[in-house]
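Biologist: I should like to go through this protein one step at a time. Please begin with its overall layout and then turn to single residues.

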Amino acid sequence: MPKSQKAENKDPIFYNSLEESEKAAWSLFESGVTDRKSYFHTPIVISKSLAGSLKPRTMVLRKVIKEALELQFHTDTRSNKVEEIVENNLGAIIVYDMTTKVQLRIEAKFKILEDSSVIGERWSNMKNMSKECYAVSVAPGTELQDPERLEFMDSGEDNFTILSAKVLKMEWLYLCYKGNRRASFDYRLGKSVKSWLVP
Ligand SMILES: Cc1cc2nc3c(=O)[nH]c(=O)nc-3n(C[C@H](O)[C@H](O)[C@H](O)COP(=O)(O)O)c2cc1C
């Protein structure tokens, strides 16, 4: 929200507009990719474990493709979440940003990207420090005797992949002293079905 609006105590442009609320939601995700201080930089991504329990984890949002309703994250092919989403590709993503007072709650369909040229290009643009995490010789989550004694392979490229989350439904919640606003954006019919909800 621009500072001038706050100073004049004006309602944000999205306050009573479904279209503007939806635009604001996507733009918060888009700016979260590069704005490391935004809560939208590190959403909570939730899948189901193989046993059926819920598995939340923080992940860095790496790319947003709004036209495809897609959010992308980087991960290790050997991590538990990869096996879990192959088994059950439905999950959720949640963020609450206390600076904008917006919570976004997403129902998503996950997949692991298979396009090696996209994955290879993303890998080549990564910093060496980030690449190193993928070069640990054993899978993330493996029990260790000594955390100081990790072994590394020459390259972790084969362990690097991209997790894509296609947004099926998005729920907007804006907290405001004048009255909260809650809205649903349902994309499951191939268009955006927008509605206000009781907060
Ligand atoms: C700030 C933050 C950012 C993280 N970013 C990622 C990420 O981008 N990709 C990832 O796989 N794990 C990331 N993690 C680690 C995960 O939260 C999680 O611990 C790890 O991926 C293992 O999850 P899993 O066993 O469910 O696969 C991040 C953790 C924190 C605290």
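**Layout, core and ligand shell**

Modeller: The model is a predicted one. From the N terminus on, its elements follow the order α-α-β-β-β-β-α-β-β-α-α-β-β-β.

Biologist: How many helices and how many strands does the protein have?

Modeller: The order of elements opens with two helices and closes with three strands, α-α at one end and β-β-β at the other. Over the whole protein, the count is 5 helices and 9 strands.

Biologist: What percentage of the residues is buried?

Modeller: A residue is called buried if 20 or more other C-beta atoms lie within 10 Å of its own. The protein has 199 residues, and the buried share of them is 22%.

Biologist: Which element gives the largest share of the largest nonpolar core?

Modeller: This core has 25 residues, and those that touch the most other members are F29, L71, L104, A165, M170 and W172. Two or more residues each come from α2 (18-34), β3 (61-65), β4, β5 (90-97), β6 (102-112), β7 (160-174) and β8 (181-186). The largest share is 6 residues, and the element that gives it is β7.

Biologist: Which residues does F29 touch, leaving out those up to four places away in sequence?

Modeller: F29 is one of the buried residues of α2, and it is among the core residues that touch the most other members. Beyond four places in sequence, its contacts are F40, L61, V64 and L71.

Biologist: How far apart are the end C-alpha atoms of α2, and what span should its residues give?

Modeller: Helix α2 has 17 residues, and each is counted at 1.5 Å. The expected span is therefore 24 Å, which agrees with the distance between its end C-alpha atoms, 26 Å.

Biologist: Within what arc do the buried residues of α2 fall?

Modeller: The buried residues of this helix are S21, A25, L28, F29 and G32, and they pack against β3, β4, β5, β6, β7 and β8. E19 and T34, on the other side of α2, are exposed. Seen down the helix axis, the buried residues line one face, because they fall within an arc of 90°.

Biologist: Which residues come nearest to the ligand?

Modeller: The shell around the ligand divides into 4 nonpolar, 7 polar and 3 charged residues. Of the 14 residues around the ligand, the nearest are R57, T75, S79, N80 and K81. The elements that give two or more residues to this shell are β2 (54-58), β4 (70-76) and α3 (80-87).

**Single residues**

Biologist: What distance separates the C-alpha atoms of R57 and K81?

Modeller: R57 lies in strand β2, and it counts as partly exposed because it has 14 C-beta neighbours inside 10 Å. Its contacts beyond four places in sequence are V45 and K81. Although R57 and K81 are 24 residues apart along the chain, the separation of their C-alpha atoms is 9.3 Å.

Biologist: Is K63 exposed, partly exposed or buried?

Modeller: K63 is placed in strand β3, and it touches V33 and Q72, leaving aside residues up to four places away in sequence. Its C-alpha atom is 8.8 Å from that of F29, a residue 34 places away along the chain. Since K63 has 16 other C-beta atoms within 10 Å, it is partly exposed.

Biologist: What is the phi of L69, and where is this residue found?

Modeller: L69 is partly exposed, because 19 other C-beta atoms lie within 10 Å. Although L69 is not a glycine, its phi is positive, at about 55°. The residue is found in the loop between β3 and β4.

Biologist: In which loop does K101 lie?

Modeller: K101 also has a positive phi, of about 60°, although it is not a glycine. With 15 C-beta neighbours inside 10 Å, K101 counts as partly exposed. Its place is the loop between β5 and β6.

Biologist: How far apart in space are M98 and C176?

Modeller: M98 lies in the loop between β5 and β6, and it is exposed because it has 9 other C-beta atoms within 10 Å. M98 and C176 are 78 residues apart in sequence, and their C-alpha to C-alpha distance is 11 Å.

Conventions
Residues are numbered from 1 along each chain as its sequence is written. This is a predicted model: local features need pLDDT of at least 70, side-chain atom pairs count only at pLDDT 80 or more; totals for chains, interfaces and linings use all residues. Helices (H or I, at least four residues) and strands (E, at least two) are DSSP runs, numbered from the N terminus. A residue is buried if 20 or more other C-beta atoms lie within 10 Å of its own, exposed if 12 or fewer, and partly exposed in between; C-beta atoms are placed from the backbone. A residue is near a molecule or strand if its C-beta atom, placed from the backbone, lies within 6 Å of it. Ala, Val, Leu, Ile, Met, Phe, Trp, Tyr, Cys and Pro count as nonpolar, Asp, Glu, Lys and Arg as charged, and the others, Gly among them, as polar. A nonpolar core is a set of buried Ala, Val, Leu, Ile, Met, Phe, Trp, Tyr and Cys residues joined through C-beta atoms within 7 Å. Two residues are in contact if their C-beta atoms, placed from the backbone, lie within 7 Å. The expected span of a helix is 1.5 Å times one less than its number of residues. The arc is that of the directions from the helix axis to the C-beta atoms.
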